[in-house]
Amino acid sequence: MTVTPPDLAQALGFDADDLAHNRSGSLSDRQRARLQRGWRRTLMIGIVVLITGTLLATLLLFMGQRNETPILSVIGVALTIANAMTVGILIRARLRLTLDLRDGVQVDEAPVQRTLRVAGRRALYLIRTGRREHAVSKDVFNAFRENARYRLYSTAGSGDLLSAEPAD
């Protein structure tokens with residue numbers, strides 16, 4: 001049985017109980033709660049965006065018709081389309097959560113390559129294995145050793161990285 005380095009467990013936010021559940025192919029109660037909290041946060045942001053977008057689109061469409069200003073009407077229609085896209089994003093996020101909670105955990109065992117992409121002033125930290133690529137925080141990125149073999153546990157639907165351990 002391998003021992004997970006404490007900095008890796010701390011960076012990814014998992015404990016021994018989470019790892020034991022992941023090894024058996026399931027999510028721990030704590031991981032389920034974290035995924036559901038993430039969904040609720042996404043839903044709340046989506047609702048605020050939808051309400052704001054709907055009010056603004058309605059106002060622009062009204063003002064466009066009243067003042068006979070086609071550009072306001074076009075912007076109102078564009079906002080209405082953006083609202084529809086927001087609904088699609090929320091539905092997609094819910095479907096991913098459903099898959100994550102239903103289908104459990106995927107395991108990927110392979111050497112890890114760490115890749116840093118810089119776009120402007122923004123750094124994107126990536127952990128790559130043979131099958132997957134995970135965007136991670138800088139702390140998680142630094143907790144992995146380059147080309148070391150790891151067993152990565154991620155959600156089935158969204159591919160969120162849950163836990164990891166060296167695969168000795």
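This passage looks at aromatic pairs, one helix and several salt bridges in a predicted model.

We can begin with the rings. Two aromatic pairs are present in the structure. In one of them, Y125 and F141 adopt a tilted arrangement, with 5.1 Å from centre to centre and 55° between the planes. Because Y125 belongs to strand β3 (residues 122-128) and F141 to helix α5 (residues 138-143), this pair ties together parts that are 16 residues apart in sequence. Both partners are shielded: Y125 counts as buried at 16% relative accessibility, and F141 is buried with a relative accessible area of 9%. The other pair, F144 and Y150, is edge-to-face, with centres 4.7 Å apart and 75° between the planes. Here too the rings are buried, F144 at 2% relative accessible area and Y150 at 1%.

The ring of F141 has a further neighbour, as R114 lies over its face at 4.6 Å from the ring centre. R114 itself is partly exposed, with a relative accessible area of 28%. This arginine also takes part in a salt bridge with E146, in which the closest N and O atoms are 3.8 Å apart. That bridge connects distant parts of the chain, since E146 sits in the loop between α5 and β5 and R114 in strand β2 (residues 113-119), 32 residues apart. E146 is partly exposed, at 39% relative accessibility.

Helix α2 (residues 16-23) offers another view of the packing, with D18, L19 and N22 buried. These three residues cover an arc of only 95° around the axis, and so they lie on the same side of α2. The buried residues of the helix pack against α3 (29-66), β1 (105-111), β5 (149-155) and β6 (161-166). At the N-terminal end, D15 acts as a cap, placing a side-chain oxygen 3.1 Å from the backbone nitrogen of D17. After the helix comes G25, with a positive phi near 90°.

Turning to charges, the structure contains 10 salt bridges. One of them joins D18 to R30, with the closest N and O atoms 2.4 Å apart. D18 lies in helix α2 and R30 in helix α3, so this pair ties together parts 12 residues apart in sequence. D18 is buried, at 1% relative accessible area, whereas R30 is partly exposed at 43%. Another bridge pairs E165 with R151 at 3.0 Å between the closest N and O atoms, linking strand β6 to strand β5 across 14 residues. E165 is buried, with a relative accessible area of 0%. Through shared partners, salt bridges join R23, E109, R149, R151 and E165 into one network.

Key:
Residues numbered from 1 in each chain as written. Predicted model: local features only at pLDDT ≥ 70, side-chain atom pairs only at ≥ 80, totals over all residues. Heavy atoms only, no water. Phe/Tyr/Trp six-rings, centres within 6.5 Å; stacked < 30°, edge-to-face > 60°. Helix = DSSP H or I, 4+ residues; strand = E, 2+ residues; numbered from the N terminus. Buried < 20%, exposed > 50% of the residue type's maximum accessible area, 1.4 Å probe, protein only. Lys NZ or Arg CZ within 6 Å of the ring centre and 35° of its normal. Arc of directions from axis to C-beta. Contact = heavy atoms within 4.5 Å. Polar contact = N/O pair within 3.5 Å; in protein donor to acceptor, adjacent residues only side chain to side chain. Salt bridge = Lys/Arg side-chain N within 4 Å of Asp/Glu carboxyl O.
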